[in-house]
Amino acid sequence: MDTFCNTVRPIDDVEELIRNAELRTELEPYYDEAISRVNVQSWPLESVNDFLASMLDWERAPELPIRDWFNPPLNLPPASLLSESQVSEILADVVNRLFDKGIILDYADHLSDRELYQMIVKDILPIREKKIDNPSLYHHWDCCNRSDIDNEELWLMYYASEEDRDLWQETHEGQLPPKLTPPCRRHLPGCAMD
C-alpha cells in the first residue's frame, strides 16, 4: 500500500509544478511588486497555484458597472415611485441576486429598507468593478462607507464590539459615540452573524 501511495504522490506534485510554471508564465505581463509582497514559501503548492489562478482571474476580468453583471442589466425603478412594501419586496430579491453574483452587503442594519434600496440603486449598481466568475470569491460592500456621514462613527455606534470600542478610545481623542442597536436587524446572505 505504501508503495502505491508513493508512486501517486509525485505525479500530483509534478502536475502542480507544471501548473505553477504555466500560471507564472501567464502572470508575467501583470507582474508588479504586489505579487512579490505575498510570502507563499510556507504554503502548499496547490494553495500557491490557487492564489496565482485567482490573481490571473483578477487581471483578466472585465471592469463593468455592477448592473451590467446581470443579463439583462439590473435596472431598478427609483425608490420614490415605490411603496414601502414594494421597496421591501424588490430589495429582498435584489439582495439575493447580488449575492448570487458574489456581492455581500455588510453593515446594513442601520439602514431602513428604503435607504438600503437607494444605496443599491445609486452607489452599488452603477459602480465599475472587476467581474470575476469564481463562485468562491466575494466582494464585500461596506454599507457604512458613505460620503455624506462619518463612516467610523456609524461603525462604532452600531457594529463595533466592546473590545473594538475600547481600542478606539485608547488610540483616539474625542468622544466615543453611544452604542446603539441597529434598527433593522437583517440576515443578509453571506454576512457574518453576530
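Read from the N terminus, the protein chain runs α-α-α-β-α-β-α-β-β-α-α, giving seven helices and four strands (DSSP runs, H or I of at least four residues for helices and E of at least two for strands). This is a predicted model, in which local features need pLDDT of at least 70 and side-chain atom pairs count only at pLDDT 80 or more, while totals for chains, interfaces and linings use all residues. Residues are numbered from 1 along each chain as its sequence is written, and side-chain values use heavy atoms, with hydrogens and water left out.

Of the 194 residues in the protein chain, 32% are buried (under 20% relative accessible area, with a 1.4 Å probe and protein chains only).

Let us turn to a pair of helices. Helix α4 (residues 84-100) packs against α5 at about 50 degrees, the axes lying 9 Å apart (lines fitted to C-alpha atoms over the stretch in contact, with angles from 0 to 180 degrees between N-to-C directions). The two helices are therefore oblique to each other (neither under 35, over 145, nor 65 to 115 degrees). Among the residues that meet are Val 87, Leu 91 and Leu 98 from α4, and Leu 116, Tyr 117 and Ile 120 from α5 (contact means heavy atoms within 4.5 Å).

Just before α5 (113-124), the loop from β2 (103-106) holds Asp 109. Asp 109 counts as buried because its relative accessibility is 11%. Beyond its neighbours within four places in sequence, Asp 109 touches Tyr 159, Pro 182, Pro 183, Cys 184, Arg 185 and Arg 186.

Methods
Buried means under 20% relative accessible area, exposed over 50%, partly exposed in between (1.4 Å probe, protein chains only).
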